[in-house]
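Subject: Structure handover

Hello,

Here is the structure I promised to pass on. Please open it alongside this note.

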Amino acid sequence: MKKLKLKPLNFFHVRKYFKDAPIETVVRIYSVTGGVPMYFRLFKGRDFEGELLKLAFSSTSILYEEPEFILREELGDVHRYYLILEAIALGKHRISEIAQFAGIETKDMPKYVNYPTLTGGAL
């Protein structure tokens, strides 16, 4: 069976959905959800910070494990990617340093860091 890939809605559609919310709140909701209806419809548009904490950082929330789920869907085994991101967060910027930290041979690093969805052109 073929998957139907829907594109996120643009900002103006999200603004229309939250027509009674302040524009600043709509910008915040859009910046967090990227226009994905499944995500932005979880917000009520009243208390962005409180809603975000409840929706994204509560272990019982639907969004709590969503980032890992998406990464697994796109990349398969994400353990090495997490190690690469951790290395970068710790200030390691050379490919050889990152590879050593992640336990990956330097020659194999392009396979991980050239993935466009992960890096957006970085490294």
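Below is what was found in it, starting with confidence and then going through helices, salt bridges and single residues.

**Confidence**

This is a predicted model. The protein chain averages a pLDDT of 87. Of the residues, 93% score at least 70. Confidence is highest in helix α1 (residues 11-17), at a mean of 97. It is lowest in helix α9 (residues 116-119), where the mean is 47.

**Helix α4**

Start with α4, which spans residues 48-56. Its buried residues are Phe48, Glu51, Leu52 and Leu55. Viewed down the axis of α4, these buried residues fall within an arc of 100 degrees, so they line one face of the helix. A general point helps here. An α-helix has 3.6 residues a turn, so residues three or four places apart point the same way.

What do the buried residues of α4 pack against? They pack against α2. The face turned away from the buried side of α4 carries Leu53 and Lys54, both exposed.

Take Leu55 as one example from this helix. Its relative accessibility is 12%, and buried means under 20%, so Leu55 counts as buried. Leaving aside neighbours within four places in sequence, Leu55 is in contact with Leu42, Phe43, Ser61, Leu63 and Tyr64. Phe43 is 12 residues from Leu55 along the chain. Their C-alpha atoms are separated by 8.2 Å.

**Salt bridges**

How many salt bridges does the structure hold? There are three.

- Glu49 and Arg28: their side chains meet at 2.9 Å, N to O. This pair links distant parts of the chain, 21 residues apart. Glu49 is in helix α4, and Arg28 is in helix α2 (residues 23-33). Glu49 is partly exposed, at 43% relative accessible area. Arg28 is partly exposed too, at 40%.
- Arg72 and Glu68: the side chains meet at 2.6 Å, N to O. Both residues lie in helix α5 (residues 66-75). They are four residues apart, about one turn of the helix. Arg72 is partly exposed, with 41% relative accessibility. Glu68 is partly exposed, with 31%.
- Asp108 and Lys107: here the distance is 3.3 Å, N to O. Asp108 is partly exposed, at 31% relative accessible area. Lys107 counts as exposed, at 62% relative accessibility.

**A charged residue without a salt bridge**

Now look at Glu66, also in helix α5. Is Glu66 buried or exposed? Glu66 is buried, yet it has no salt bridge. The nearest side chain of opposite charge is that of Arg72, 11 Å away. A salt bridge needs the charged atoms within 4 Å, so Arg72 is out of range for Glu66.

Which side chain makes a polar contact with that of Glu66? The side chain of Tyr39 does, at 2.6 Å. Not counting residues up to four places away in sequence, Glu66 touches Met38 and Tyr39.

**Helix α7 and its surroundings**

Helix α7 covers residues 95-102. Its buried residues are Ile98, Ala99 and Ala102. Seen down the axis of α7, they fall within an arc of 100 degrees, so these residues line one face of the helix. What covers them includes α6 (79-89) and α8 (109-113).

Just after α7 comes Gly103. Gly103 takes a positive phi of about 70 degrees.

Gly103 also brings in Arg80, which is found in helix α6. Arg80 and Gly103 are 23 residues apart in sequence. In space they are 8.3 Å apart, C-alpha to C-alpha. Leaving aside neighbours within four places in sequence, Arg80 is in contact with Gly103, Ile104 and Tyr112. The side chains of Arg80 and Tyr112 make a polar contact, at 3.2 Å. At 33% relative accessibility, Arg80 counts as partly exposed.

**Where to look again**

Two places to revisit on screen are the Glu49 and Arg28 salt bridge and the polar contact between Glu66 and Tyr39. Keep the low mean of 47 for helix α9 in view as you go.

Best wishes

Terms used. Residues numbered from 1 in each chain as written. Predicted model: local features only at pLDDT ≥ 70, side-chain atom pairs only at ≥ 80, totals over all residues. Heavy atoms only, no water. Buried < 20%, exposed > 50% of the residue type's maximum accessible area, 1.4 Å probe, protein only. Helix = DSSP H or I, 4+ residues; strand = E, 2+ residues; numbered from the N terminus. Arc of directions from axis to C-beta. Contact = heavy atoms within 4.5 Å. pLDDT = per-residue confidence, 0-100. Lys, Arg positive; Asp, Glu negative; His and termini not counted. Polar contact = N/O pair within 3.5 Å; in protein donor to acceptor, adjacent residues only side chain to side chain.
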